[in-house]
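Got your viewer open? Let's take a short walk through this protein, one selection at a time.

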Amino acid sequence: LGITAYAAEQKGSITIHEAGGVSVEGKTFLAYKVLDLNLVGEGYVYTVPEALKDFYADYFELNEALGDFDYQVTQKIAALTGDDLFAFASGVLAAAKEANIAPASVTGQRGDTSVKFTDLPLGYYVVEDTAETTPVSALVLTSTKPNVEVNIKAELPIVDKKIIEEQDRVETNNAAVGDVVSYEVTSKVPDMTGYTKYYFVLKDT
(Lines give C-alpha, C1' and ligand atoms only; values in the text may rest on other atoms or scores of the structure.)
Protein backbone atom coordinates (compact mmCIF):
# COMPACT_ATOMS: atom_id res chain seq x y z
CA LEU A 1 0.00 0.00 0.00
CA GLY A 2 2.92 2.37 -0.60
CA ILE A 3 2.06 5.84 -1.93
CA THR A 4 3.76 8.87 -3.43
CA ALA A 5 2.62 12.49 -3.75
CA TYR A 6 1.01 13.42 -7.06
CA ALA A 7 -1.68 15.65 -8.56
CA ALA A 8 -4.78 15.63 -6.37
CA GLU A 9 -7.15 15.21 -9.31
CA GLN A 10 -5.40 12.11 -10.69
CA LYS A 11 -7.71 9.27 -11.66
CA GLY A 12 -7.09 5.60 -12.39
CA SER A 13 -8.47 2.61 -14.26
CA ILE A 14 -9.03 -1.14 -13.84
CA THR A 15 -8.94 -3.47 -16.85
CA ILE A 16 -10.28 -7.03 -16.57
CA HIS A 17 -9.18 -9.52 -19.24
CA GLU A 18 -10.81 -12.81 -20.18
CA ALA A 19 -8.86 -15.89 -19.06
CA GLY A 20 -8.99 -19.66 -19.01
CA GLY A 21 -11.77 -19.79 -21.59
CA VAL A 22 -14.01 -17.58 -19.44
CA SER A 23 -15.30 -14.62 -21.45
CA VAL A 24 -16.22 -11.13 -20.26
CA GLU A 25 -19.04 -10.92 -22.82
CA GLY A 26 -22.36 -10.16 -21.16
CA LYS A 27 -20.80 -9.97 -17.71
CA THR A 28 -21.28 -6.97 -15.45
CA PHE A 29 -18.53 -6.03 -13.02
CA LEU A 30 -18.81 -3.65 -10.07
CA ALA A 31 -15.89 -1.85 -8.42
CA TYR A 32 -16.39 -0.76 -4.80
CA LYS A 33 -13.93 1.71 -3.28
CA VAL A 34 -13.36 0.48 0.27
CA LEU A 35 -10.46 2.76 1.23
CA ASP A 36 -10.07 6.38 0.18
CA LEU A 37 -6.75 7.90 -0.86
CA ASN A 38 -6.55 11.54 0.21
CA LEU A 39 -3.94 14.22 -0.37
CA VAL A 40 -2.53 15.47 2.93
CA GLY A 41 0.22 18.07 2.71
CA GLU A 42 2.68 16.80 0.11
CA GLY A 43 1.63 13.15 0.24
CA TYR A 44 -1.28 10.75 0.23
CA VAL A 45 -2.79 8.82 3.12
CA TYR A 46 -5.39 6.06 3.11
CA THR A 47 -8.53 6.76 5.08
CA VAL A 48 -11.42 4.49 6.02
CA PRO A 49 -14.81 5.57 4.66
CA GLU A 50 -17.16 6.53 7.48
CA ALA A 51 -19.68 3.91 6.36
CA LEU A 52 -17.13 1.11 6.78
CA LYS A 53 -15.50 2.05 10.08
CA ASP A 54 -17.56 -0.41 12.11
CA PHE A 55 -16.75 -3.23 9.69
CA TYR A 56 -13.00 -2.61 9.87
CA ALA A 57 -13.06 -2.27 13.65
CA ASP A 58 -14.87 -5.60 14.02
CA TYR A 59 -12.99 -7.48 11.31
CA PHE A 60 -9.51 -6.55 12.53
CA GLU A 61 -10.50 -6.21 16.20
CA LEU A 62 -9.39 -2.60 16.40
CA ASN A 63 -10.51 0.27 18.63
CA GLU A 64 -11.25 3.42 16.63
CA ALA A 65 -10.38 5.54 19.65
CA LEU A 66 -6.89 4.10 20.10
CA GLY A 67 -4.04 5.23 17.89
CA ASP A 68 -4.21 6.03 14.18
CA PHE A 69 -7.17 3.91 13.09
CA ASP A 70 -6.69 4.51 9.35
CA TYR A 71 -3.01 3.53 9.52
CA GLN A 72 -3.76 0.40 11.55
CA VAL A 73 -6.36 -0.73 9.01
CA THR A 74 -4.02 -0.24 6.04
CA GLN A 75 -1.27 -2.17 7.81
CA LYS A 76 -3.65 -5.04 8.53
CA ILE A 77 -4.76 -5.19 4.89
CA ALA A 78 -1.18 -5.00 3.60
CA ALA A 79 -0.29 -8.08 5.65
CA LEU A 80 -3.04 -10.25 4.11
CA THR A 81 -2.22 -12.92 1.51
CA GLY A 82 -3.87 -15.92 -0.13
CA ASP A 83 -7.04 -17.21 1.49
CA ASP A 84 -6.92 -14.50 4.15
CA LEU A 85 -6.96 -11.79 1.50
CA PHE A 86 -9.85 -13.46 -0.33
CA ALA A 87 -11.80 -13.79 2.92
CA PHE A 88 -11.24 -10.10 3.63
CA ALA A 89 -12.29 -9.13 0.09
CA SER A 90 -15.48 -11.15 0.47
CA GLY A 91 -16.20 -9.57 3.85
CA VAL A 92 -15.58 -5.98 2.84
CA LEU A 93 -17.55 -6.50 -0.39
CA ALA A 94 -20.59 -7.56 1.65
CA ALA A 95 -20.05 -4.62 4.02
CA ALA A 96 -19.81 -2.14 1.14
CA LYS A 97 -23.12 -3.39 -0.26
CA GLU A 98 -24.79 -3.21 3.14
CA ALA A 99 -23.48 0.35 3.57
CA ASN A 100 -24.92 1.29 0.15
CA ILE A 101 -21.55 2.40 -1.21
CA ALA A 102 -22.14 3.24 -4.86
CA PRO A 103 -19.92 1.12 -7.14
CA ALA A 104 -18.53 1.89 -10.57
CA SER A 105 -20.01 -0.46 -13.20
CA VAL A 106 -18.92 -1.87 -16.55
CA THR A 107 -20.45 -4.57 -18.79
CA GLY A 108 -18.73 -6.62 -21.46
CA GLN A 109 -20.23 -6.33 -24.93
CA ARG A 110 -20.28 -8.88 -27.75
CA GLY A 111 -16.78 -9.49 -29.06
CA ASP A 112 -15.04 -7.92 -26.03
CA THR A 113 -12.00 -9.68 -24.65
CA SER A 114 -11.64 -7.21 -21.78
CA VAL A 115 -13.59 -4.52 -19.94
CA LYS A 116 -12.26 -1.34 -18.39
CA PHE A 117 -13.30 0.91 -15.51
CA THR A 118 -12.10 4.45 -16.21
CA ASP A 119 -11.97 7.75 -14.36
CA LEU A 120 -11.75 6.07 -10.95
CA PRO A 121 -10.68 8.10 -7.91
CA LEU A 122 -7.50 6.62 -6.43
CA GLY A 123 -8.04 4.19 -3.58
CA TYR A 124 -8.42 0.54 -2.62
CA TYR A 125 -11.05 -1.34 -4.63
CA VAL A 126 -12.78 -4.69 -4.49
CA VAL A 127 -14.16 -5.80 -7.86
CA GLU A 128 -17.17 -8.12 -8.12
CA ASP A 129 -18.35 -10.30 -10.99
CA THR A 130 -22.13 -9.97 -10.51
CA ALA A 131 -22.77 -13.34 -12.15
CA GLU A 132 -20.67 -15.00 -9.44
CA THR A 133 -21.31 -12.53 -6.58
CA THR A 134 -17.73 -13.13 -5.44
CA PRO A 135 -14.69 -10.87 -5.58
CA VAL A 136 -12.66 -10.92 -8.78
CA SER A 137 -9.79 -9.10 -7.10
CA ALA A 138 -8.77 -6.61 -4.45
CA LEU A 139 -6.85 -3.79 -6.12
CA VAL A 140 -4.93 -0.68 -5.15
CA LEU A 141 -4.89 2.37 -7.42
CA THR A 142 -2.07 4.67 -6.33
CA SER A 143 -0.41 7.75 -7.75
CA THR A 144 2.50 5.59 -8.94
CA LYS A 145 0.29 2.81 -10.29
CA PRO A 146 -3.08 4.33 -11.21
CA ASN A 147 -3.88 1.83 -13.98
CA VAL A 148 -4.20 -1.85 -13.03
CA GLU A 149 -4.92 -4.93 -15.14
CA VAL A 150 -6.21 -8.31 -13.89
CA ASN A 151 -7.58 -11.53 -15.37
CA ILE A 152 -11.10 -12.70 -14.75
CA LYS A 153 -11.29 -15.52 -12.22
CA ALA A 154 -11.53 -18.67 -14.35
CA GLU A 155 -13.11 -21.63 -12.60
CA LEU A 156 -12.62 -25.01 -14.27
CA PRO A 157 -15.28 -27.68 -13.68
CA ILE A 158 -14.38 -30.42 -11.21
CA VAL A 159 -15.90 -33.86 -11.79
CA ASP A 160 -16.63 -36.14 -8.84
CA LYS A 161 -17.37 -39.81 -9.66
CA LYS A 162 -18.65 -42.22 -6.99
CA ILE A 163 -19.91 -45.82 -6.96
CA ILE A 164 -23.53 -46.21 -5.88
CA GLU A 165 -24.10 -48.83 -3.20
CA GLU A 166 -27.72 -48.56 -2.07
CA GLN A 167 -27.85 -45.28 -0.13
CA ASP A 168 -24.08 -44.78 -0.02
CA ARG A 169 -21.62 -43.21 -2.44
CA VAL A 170 -18.19 -44.85 -2.21
CA GLU A 171 -14.80 -44.67 -3.95
CA THR A 172 -14.22 -48.46 -4.24
CA ASN A 173 -16.11 -51.74 -3.88
CA ASN A 174 -15.68 -55.51 -4.31
CA ALA A 175 -17.44 -55.96 -7.67
CA ALA A 176 -16.31 -58.91 -9.79
CA VAL A 177 -15.63 -58.95 -13.52
CA GLY A 178 -18.95 -58.87 -15.37
CA ASP A 179 -20.89 -57.23 -12.50
CA VAL A 180 -23.02 -54.20 -13.33
CA VAL A 181 -21.77 -51.20 -11.35
CA SER A 182 -23.73 -47.95 -11.09
CA TYR A 183 -21.92 -44.64 -10.79
CA GLU A 184 -22.97 -41.14 -9.84
CA VAL A 185 -21.13 -38.29 -11.54
CA THR A 186 -21.49 -34.73 -10.24
CA SER A 187 -19.95 -31.52 -11.50
CA LYS A 188 -20.48 -27.78 -11.44
CA VAL A 189 -21.11 -26.20 -14.82
CA PRO A 190 -18.91 -23.08 -15.19
CA ASP A 191 -20.60 -19.68 -15.43
CA MET A 192 -21.60 -19.25 -19.08
CA THR A 193 -23.00 -15.74 -18.92
CA GLY A 194 -22.67 -14.13 -22.32
CA TYR A 195 -22.68 -17.39 -24.29
CA THR A 196 -25.55 -18.24 -26.66
CA LYS A 197 -24.45 -21.87 -27.05
CA TYR A 198 -22.05 -24.16 -25.22
CA TYR A 199 -21.31 -27.86 -24.79
CA PHE A 200 -20.59 -29.59 -21.51
CA VAL A 201 -19.23 -33.09 -22.20
CA LEU A 202 -18.16 -35.74 -19.70
CA LYS A 203 -15.95 -38.52 -21.08
CA ASP A 204 -15.46 -41.64 -18.98
CA THR A 205 -12.22 -43.46 -19.80
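Start with Thr-47, and show everything it touches. Setting aside neighbours within four places in sequence, you'll find Thr-47 in contact with Leu-35, Asp-36, Asn-38 and Asp-70. Keep in mind as you click around that this is a predicted model.

Now keep Thr-47 and Asn-38 on screen and show their side chains. What joins them? A polar contact of 2.6 Å links the two side chains.

Is Thr-47 buried or exposed? Its relative accessible area is 18%, and the cut-off for buried is under 20%, so Thr-47 counts as buried. To see where it sits, select residues 43–47: that's strand E3, and Thr-47 is part of it.

Next stop: select residues 159–165. This is strand E9, and Glu-165 belongs to it. Colour Glu-165 by itself and turn on the surface. Glu-165 is partly exposed, with a relative accessible area of 34%.

Now add Ser-182 to the selection. Glu-165 and Ser-182 are 17 residues apart along the chain, and their C-alpha atoms are separated by 7.9 Å. Try drawing a distance line between those two atoms.

Finally, zoom out and switch to a cartoon view. How many helices and strands are there in the protein chain? You should be able to pick out 3 helices and 11 strands. Follow them from the N terminus and the order goes β-β-β-α-α-α-β-β-β-β-β-β-β-β.

With the whole chain in view, here are a few overall numbers. Of the 205 residues, 33% are buried. Among contacts between residues at least 6 apart in sequence, 66% join residues at least 24 apart. Show the surface once more: the accessible surface comes to about 12400 Å², and 48% of that belongs to carbon and sulfur atoms.

Key: Residues numbered from 1 in each chain as written. Predicted model: local features only at pLDDT ≥ 70, side-chain atom pairs only at ≥ 80, totals over all residues. Heavy atoms only, no water. Helix = DSSP H or I, 4+ residues; strand = E, 2+ residues; numbered from the N terminus. Buried < 20%, exposed > 50% of the residue type's maximum accessible area, 1.4 Å probe, protein only. Contact = heavy atoms within 4.5 Å. Areas by Shrake-Rupley, 256 points an atom, 1.4 Å probe, with all protein chains shown as cover. Polar contact = N/O pair within 3.5 Å; in protein donor to acceptor, adjacent residues only side chain to side chain.
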